[in-house]
Amino acid sequence: MKIIIIGATQVGTELAEYLVQAGHAVTLIDNPSTELTQIANRLDLRVVQGDPTWPSVLREAGARNTELLVATAPNDEINIATCSVAAALFSIPRKIARIRASDFLSESDKLFGPKAIPIDHIISPERIIADAIDDLMELPGVTALHSFAKDRLIITAVCVTKGGKLIGALVTDLENYDGRCKVLAVYRNGQVLDKLSTQTIEEGDEIYFCAERTRTLNLIGALMPLKPNGKNVVIQGGSHIADAIAIRLSKRYNVKLIEPDPERAERISPRFKDMPVELYCAEASNIDFVLEEKLYHTDTFIAAAPSEESNIMASLLIQRMNKVRTIAIIRQPSLQDIAQAGNEIDAIVSPRESVISALLSNILQEGVERMRIFRQGQAEALELLVQGNKRSSNVVGRKIEDLNIPAGVHFGLALRDKLVVKIDESFVFEDGDRVVTFLTDRMQMRNLIKLFKPRAFWLPHW
């Protein structure tokens, strides 16, 4: 597929890298900069320097023959204008744009679409992060999770802690503990384990497994002692993401939002007028304020400030005072490593991983329904739609042992019509199966998609 990406941002650059590795022809457009030159030298893609809203720049980038445009520039207006020019002059069939401003998002149904501003799909980082936090709140104890197969199945990661019922048991015992479950990977001291059928569960292991959403809480309880979720949440604010999280969680929790900037606190206060959100103007890392408001008695503390260092410090402060459950939003991989040392912060949410996953889920076709990257992009999960028959498909009517499965690919569960099926040695792939897979080696993604892709002469059902 020929793809144009607008904006040499961190998201745009990493998205380009993923797409190049997946075999797509990628062109990156941005204004001239040293960073853009470095990207051109590092990645196997084409770089065009200039204003992406200009027709001449898009024409130079090959817009006339492009199948997809992804606008990830920091400025919403640039993304909107670029998509409009691309549709009007070059008839690019699919356009995806990152939009952040609440004014645009609140009117998105009327603003964007085939009869309005020609953008086919909107990516909102604030909404994506709010969704991720909401999921983590639903399942206390998990360090990462994502939904698949019409939200019936999830992949989740749990760090085994003292008191877990299955410590010392075989890894495969988790699969028989409650309902249908498939262990996908176990990381010990940062390294993935081989031959899981012979491995035992140890304290400190990070276990990734696929399970039915309704059964997941019991499975988590087998790996760590469960604590009541509680109804009280404190959010360290100062960002649009923090505001979005407060609005989302206020539907089910009592929320305190800590905003450090007096002017911003006054500006955003009307948004929470009719919501169970208490807005404070203070620093969440100020020990005097923490003690005065007894923030250490909250059930969950969410650090969502613009400063990642502040998020780490505030989370550690609150957690050490009273073992409060902490969730921190951290963008830089190096700081994620620091935050995870010692396992004092319960869960880390990476906006970069979440946004790129959302973008890739809307870009990767050829039978890929959803995808999610994990572990700072070193692992990823795919939901694949099985299509075809025995003549047109490499997998239909066959078992895993009959296929040349790439190394590092692990199968979870499948959704067949409304039935959840475990993918084991007796499983036979059928047309219409939604198959959840986990790749400990993300470089095998292209080979896996190729394996499941129907042959060229296959025609879809009409």
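## Helix α12 and the strands around β16

With a relative accessibility of 30%, M321 is classed as partly exposed, because that class lies between the limit of under 20% for buried and over 50% for exposed residues. The model is a predicted one, and the description below follows the chain from this methionine into the neighbouring strands.

M321 belongs to helix α12, which spans residues 308-322. Together with I287 and L291, M321 makes a nonpolar patch of about 220 Å² on the surface.

Strand β16, by contrast, is mostly covered, with five of its five residues buried. The cover extends to both faces of the strand: R325, I327 and I329 are buried on one side, while T326 and A328 are buried on the other.

Strand β16 has pairing partners in β15 and in β17, as the table sets out.

| Strand pair | Residues of the partner | Sense | Bridges |
|---|---|---|---|
| β15 and β16 | β15, residues 300-303 | parallel | four bridges |
| β16 and β17 | β17, residues 347-349 | parallel | three bridges |

Within the pairing of β15 and β16, which is parallel and counts four bridges, I302 has I327 of β16 as its bridge partner. Between these two strands the chain passes through α12, and the resulting β-α-β crossover from β15 to β16 is right-handed. Toward β17, which is joined to β16 by three bridges, I329 stands opposite V349.

Which residues of β16 are buried on the side that includes I327? They are R325, I327 and I329, and among them I327 is the bridge partner of I302, whereas I329 stands opposite V349 in β17.

How values were computed
Residues numbered from 1 in each chain as written. Predicted model: local features only at pLDDT ≥ 70, side-chain atom pairs only at ≥ 80, totals over all residues. Heavy atoms only, no water. Patch = residues over 30% accessible without salt bridge, like charges linked within 9 Å, V, L, I, M, F, W, Y side chains within 5 Å. Areas by Shrake-Rupley, 256 points an atom, 1.4 Å probe, with all protein chains shown as cover. Salt bridge = Lys/Arg side-chain N within 4 Å of Asp/Glu carboxyl O. Buried < 20%, exposed > 50% of the residue type's maximum accessible area, 1.4 Å probe, protein only. Pairing = 2+ DSSP bridges. Right-handed = clockwise from strand over helix to strand, strands pointing away.
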